[in-house]
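Please give me a guided tour of this model, as I have it open in a viewer. Tell me what to select at each stop and what is there.

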Amino acid sequence: MSPILEVNDDNIKKAAAQLASGGLVAFPTETVYGLGADATNGAAVAKIFEAKGRPVFNPVIVHVNEKEDADAIVEFNPAAALLASVYWPGPLTLILPRRHDTKVSLLTSAGLPTQAVRVPAHPVARQLIKALGRPIAAPSANASGSLSPTTPQHVLNSLGERAGIILAGGKSAVGLESTVLDMTGDVPVMLRPGGVTKEEIEMTLDRGIRVELEAVNDAPKSPGQLLKHYAPVTPLRLKAVDIIMGEALLAFGSTRFMGIRGGGSANDLPYGALLNLSESGDLNAAAANLFSMLHLLDAGGYKGIAVMDIPETGLGIAINDRLRRAAGAQQAG
Ligand code: TXA
Ligand code: MG
């Protein structure tokens with residue numbers, strides 16, 4: 001059976017129910033088709049990265065229906081609020097500081113203190129967000145390294161069954177991804193050109209903006225060079241088979257055989273110094289927990305964080321990629 005569903009009330013309900021239960025839905029927006037998950041469900045967001053094939057945790061855009069819904073996720077400044085009032089709903093993504101109390105999963109921002117948000121203009125995207133009653137995290141609905149899809153058939157060709165349900169909303173009108181604008185600094189920075197032009201933004205803001213086309217999209221030339229990555233301050237020790245005194249432990253699977261050098265076991269660690277990405281060894285759960293647990297341990301004032309070995313398969317590839325970058329960033333100073 002084809003996963004492509006025509007758009008009607010029943011199918012919108014069906015798609016919203018799939019999202020609510022932690023599944024994926026590919027849906028049309030005015031720019032390109034998105035591969036959506038409930039943005040407040042980390043395990044659901046993790047499935048997006050798995051489905052895209054070469055799993056890498058890049059931050060994804062969170063889609064909402066009203067500026068007021070974005071207010072609950074990020075902190076607006078006056079310039080960003082002005083842009084939202086002019087270009088939303090529409091093909092403009094704003095990067096703003098995350099609110100500390102947001103329910104949106106930290107995996108959507110790959111652990112960064114900033115969050116990308118946008119209000120799509122496509123009626124089907126809007127109906128789906130409304131039916132779910134929560135924000136939808138969605139990158140473009142294509143496998144890593146291939147072109148962004150503008151028809152349901154493109155999504156099917158690229159992702160097949162991995163897309164879950166594909167809501168068929170016709171051809172995307174803009175056909176080009178949204179403009180990504182970083183509004184967190186003194187000067188707005190365009191990170192990706194798109195449906196709204198530099199000139200339009202400068203006209204609206206009545207000032208010049210910078211353009212720093214980052215290594216965006218799915219096949220960056222030098223991955224991670226331009227896009228900022230979250231890295232903890234506390235040194236990470238990967239593939240740890242024991243714990244050094246003063247270290248915290250980021251565990252994966254059973255900690256039965258994890259001892260503390262000089263005596264004791266993982267169970268003897270002080271309260272809060274042991275966090276387990278997934279006791280049952282579930283990579284999806286581990287992905288959902290990765291950034292929030294790193295943040296917690298990083299804030300604990302430990303001498304180091306020992307990280308247990310994580311298998312290099314499925315989402316383990318993305319988890320290890322992030323852990324290695326985090327450890328490497330520290331070595332580089
Ligand atoms: O038109 C679009 O924007 C489509 C539709 C589905 O909304 N979505 C899309 O998402 O193209 P994606 O994930 O393929 O591209 C989002 C871009 C990526 O290049 C990502 O690196 C960047 O936005 N981005 C997201 N959050 C960011 C952040 N906090 N800081 C810097 N860049 C960010
Ligand atoms: Mg993309």
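Start with the whole chain of this predicted model. For 333 residues, a compact globule would have a radius of gyration near 20 Å, and the protein chain has 20 Å, so the two agree. Turn the C-alpha trace along its principal axes and the spans are about 65 × 50 × 35 Å. In cartoon view the protein chain shows 9 helices and 17 strands. Colour by accessibility and 53% of the 333 residues count as buried. Of the contacts between residues at least 6 apart in sequence, 67% join residues at least 24 apart.

Next, select residues 42-51, which are helix α2. Buried here are G42, A44, V45, A46, I48, F49 and A51. Because 7 of the 10 residues of α2 are buried, the helix is largely enclosed by the rest of the structure. At its N-terminal end, show the side chain of N41: one of its oxygens lies 3.1 Å from the backbone nitrogen of A43 and caps the helix. Past the other end, just after α2, G53 has a positive phi of about 100°.

Stay with F49 and turn to the aromatic rings; the structure holds 4 aromatic pairs. Show F57 beside F49: the ring centres are 5.1 Å apart and the planes stand at 80°, so this pair is edge-to-face. Both F49 and F57 are buried. Add Y230 and F291 to the selection, and the four residues F49, F57, Y230 and F291 form one aromatic cluster.

Now select F76 and W88. Their ring centres lie 6.1 Å apart with the planes at 85°, so this pair is edge-to-face. F76 sits in the loop between α3 (67-71) and α4 (78-87), and W88 in the loop between α4 and β5 (92-97), so the pair ties together parts that are 12 residues apart in sequence. F76 and W88 are both buried. Show K67 as well: K67 lies over the face of F76, at 4.1 Å from the ring centre.

From W88, step to P89, which lies in the loop between α4 and β5. The peptide bond joining W88 and P89 is cis, with omega at about -5°.

Then select the largest nonpolar core, a set of 85 residues in which F57 and L94 touch the most other members. Helix α8 (residues 283-298) supplies the largest share of this core, with 8 residues. Which residues does L94 touch, not counting those up to four places away in sequence? They are F76, A80, L83, A84, W88, Q115, A116, V117, L181 and M183. Another core, of 16 residues, lies apart from the largest one; V25, A125, I136 and L167 are among its members.

Finish with two backbone sites. A110, in the loop between β5 and β6 (114-118), has a positive phi of about 50° although it is not a glycine. D206, in the loop between α7 (198-205) and β11 (210-211), is not a glycine either, and its phi is positive at about 60°. Is A110 buried or exposed? Its relative accessibility is 1%, so A110 counts as buried. D206, at 70% relative accessibility, counts as exposed.

Key. Residues numbered from 1 in each chain as written. Chains lettered and ligands numbered in written order. Heavy atoms only, no water. Buried < 20%, exposed > 50% of the residue type's maximum accessible area, 1.4 Å probe, protein only. Helix = DSSP H or I, 4+ residues; strand = E, 2+ residues; numbered from the N terminus. Polar contact = N/O pair within 3.5 Å; in protein donor to acceptor, adjacent residues only side chain to side chain. Phe/Tyr/Trp six-rings, centres within 6.5 Å; stacked < 30°, edge-to-face > 60°. Lys NZ or Arg CZ within 6 Å of the ring centre and 35° of its normal. Core = buried A, V, L, I, M, F, W, Y, C linked by side-chain atoms within 4.5 Å. Contact = heavy atoms within 4.5 Å. Rg over C-alpha atoms; globule rule 2.2 N^0.38 Å.
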